[in-house]
Number of protein chains: 2
Amino acid sequence: MTAPRTARALARETLTRDILDAARARLVADGPAALSLRAVARDVGMVSSAVYRYFPSRDALLTALLVECYDELGAAVETAEAAVARDDLTGRWLAACRALRSWCVQRPGDFALLYGTPVPGYAAPQDTVEPATRVVRALVRIVADSWADGAGPAPAPSSGGDAAALVAPAVAFVSARGLVAPDAPAEAVVRTLMAWTTLFGTVSFELFGHLHRTVADYADWFDAVALRAGADAGVVPRGMDAALPPRGR
Amino acid sequence: MTAPRTARALARETLTRDILDAARARLVADGPAALSLRAVARDVGMVSSAVYRYFPSRDALLTALLVECYDELGAAVETAEAAVARDDLTGRWLAACRALRSWCVQRPGDFALLYGTPVPGYAAPQDTVEPATRVVRALVRIVADSWADGAGPAPAPSSGGDAAALVAPAVAFVSARGLVAPDAPAEAVVRTLMAWTTLFGTVSFELFGHLHRTVADYADWFDAVALRAGADAGVVPRGMDAALPPRGR
DNA sequence: CCTCGTGCAAGAGCGGCGCTCTCGTTTGTG
DNA sequence: CACAAACGAGAGCGCCGCTCTTGCACGAGG
């Protein structure tokens, strides 16, 4: 099954990939709204109706791209985070956050597909939710490690303690789901969710132009936000004000 | 000039409003992507080409809606915040945040237009930036009042103090602009910007389904996030754990 | 009052879109 | 070899944004 015997099956597999690649190229360039099935068909040298042999609709094509992008983003975050020493929690957090942002900034069209306005009548099928949670799962892992490293449920996330009380009631609002690290403390999940929301908001504002002429250096601004969000989630620098890892390239 | 004398001018004004209202109705229902100029024309009983007498393009119509929505949202936040006693800073903050969310939740299409994926070839004209900043200006006013109320540059935003150092470098990245409260301390502006980003991210995640089956009660979750974001920005509850104002209706 | 230029609505039409259906052709299988 | 399934191409449907032309009603100047 993994080795397609017949020529037809092989051709089908190849063409499906070609269509996806062409669609991906158009997506990165123009964003999801401008992705037309007819244009993709032209790019791969087909007539539009022939594409429907491979994807039953434009939405199905978008869904395939969605899964692919979620996985790619998740992988980028995971590998960036894995390259840092396990006990350097702030380093892992910052590496993950930076990988997140650079992936998004380099592919604004993909970002718009993943986190932008959903298409009007479109409901994401179930196969997209697992890849979609990959990023936040990577983040929650770092936070959980931080909590395990420190002591007690509130490892002084730069807070005196009332912050925990503030957020605590929210734990009840978050159903466990099991999707995100079932062994992680609920409080850590909640805080990670907030940090993740902040990170997303920052990238979204940058890419969609809402910080235009407000923030001078997006990368520096993002670093500051990421560190602050991480601290709020319980990822504290080793030395209180250790030198920040330099930004790559 | 304010009183249109001729019947022509009056008809023009009326029809322009009718078109905008019809477009607004379709926008709220279906979102910006599904807003078709032809459909709007049908709604007002015109032929599509006739609409071009009033708006030179679909983008122009969207721009008009954009300004209108920004203003409406800003007004909603401002009036909600103004209804609270001036010295109840947490109450003002929470009222502003809740007004923000409920406006967005009640008009997901409008929210998508304002903060969702920008249309591919569209660059927001200059007249949109002033209304766009109205919300964040309202927020920064509350934060600035909090800072003025408390002492010194860091009124213990639930933090020991290193948080200020963490964020401090970011001040340099934010150009003053003057758009947002020129007299407000830069640090307050930066923190408000972060809080605003978090608020936006929370609403966006809610409306775009990224918290589906993750957060049980969106309103409660939002309250918790808003209070925490406010505390990080320097808006602290009067009594440390004073009873939260009940959610309206 | 009448005329002439202007603003206006309507219609046809252009190319592009998602999607469906039909029609030969190719391909794999019983 | 024959038959069915898969396939590519084409035509066509109704939608879209937008342009151009046509006929008409309005309103200001003579």
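Start by selecting Tyr115(A) and Trp196(A): both of these residues are buried. Bear in mind as you look around that this is a predicted model. The two ring centres lie 5.8 Å apart with the planes at 70°, so this pair counts as edge-to-face. Now colour the helices. Tyr115(A) sits in helix α6 (residues 108-115) of chain A and Trp196(A) in helix α10 of chain A, so the pair, with its partners 81 residues apart, links distant parts of the chain.

Next, hop over to chain B and select Tyr115(B) and Trp196(B). Here you will find an edge-to-face aromatic pair, 5.8 Å from centre to centre and with 70° between the planes. Tyr115(B) belongs to helix α6 (residues 108-115) of chain B, while Trp196(B) belongs to helix α10 (residues 186-207) of chain B, and 81 residues separate them. Both Tyr115(B) and Trp196(B) are buried. Over all chains, the structure holds 17 aromatic pairs.

Return to chain A and follow helix α10 (residues 186-207) to Thr202(A). Is Thr202(A) buried or exposed? Its relative accessibility is 2%, so Thr202(A) counts as buried. Show what surrounds it: beyond its neighbours within four places in sequence, Thr202(A) is in contact with Leu211(A), Trp221(A), Phe222(A) and Val225(A), and also with Thr197(B) from chain B.

Now zoom out and display chain A as a cartoon. You should see 11 helices and 0 strands. Of its 249 residues, 49% count as buried. Among contacts in chain A with a separation of 6 or more, 74% are between residues 24 or more positions apart. If you switch on the surface, chain A exposes about 11,300 Å², and carbon and sulfur atoms supply 57% of that area.

Time to visit the DNA. Select strand C and the 23 residues around it; the ones that come nearest are Leu37(A), Arg38(A), Arg58(A), Ser49(B) and Arg53(B). Three spots are worth a stop:

- In the side chain of Ser36(A), an N or O atom is 3.0 Å from a phosphate oxygen of DNA strand C.
- At Arg58(A), look at the backbone, where an N or O atom lies 2.7 Å from a phosphate oxygen of DNA strand C.
- On Tyr54(B), a polar side-chain atom lies 2.9 Å from a phosphate oxygen of DNA strand C.

To see where this surface comes from, highlight α1, α2 (37-43) and α3 (48-51) of chain A along with α1 and α3 of chain B, the elements that give two or more residues to it. Colouring the surface near DNA strand C by class gives 9 nonpolar, 6 polar and 8 charged residues. Of the strand C atoms within 4 Å of the protein, 47% belong to sugar or phosphate and the rest to bases.

Finish with DNA strand D. Which residues come nearest to DNA strand D? Of the 22 around it, they are Ser49(A), Arg53(A), Leu37(B), Arg38(B) and Arg58(B). Zoom in on Arg38(B), where an N or O atom of the side chain is 2.2 Å from a base nitrogen of DNA strand D. Then select Tyr52(B), with a side-chain N or O atom 3.1 Å from a phosphate oxygen of DNA strand D. For a backbone example, try Val47(A), where an N or O atom lies 3.5 Å from a phosphate oxygen of DNA strand D. The residues of this last surface divide into 8 nonpolar, 6 polar and 8 charged.

Terms used
Residues numbered from 1 in each chain as written. Chains lettered and ligands numbered in written order. Predicted model: local features only at pLDDT ≥ 70, side-chain atom pairs only at ≥ 80, totals over all residues. Heavy atoms only, no water. Near = heavy atom within 4 Å. Polar contact = N/O pair within 3.5 Å; in protein donor to acceptor, adjacent residues only side chain to side chain. Nonpolar A, V, L, I, M, F, W, Y, C, P; charged D, E, K, R; others polar. Helix = DSSP H or I, 4+ residues; strand = E, 2+ residues; numbered from the N terminus. Buried < 20%, exposed > 50% of the residue type's maximum accessible area, 1.4 Å probe, protein only. Contact = heavy atoms within 4.5 Å. Areas by Shrake-Rupley, 256 points an atom, 1.4 Å probe, with all protein chains shown as cover. Phe/Tyr/Trp six-rings, centres within 6.5 Å; stacked < 30°, edge-to-face > 60°.
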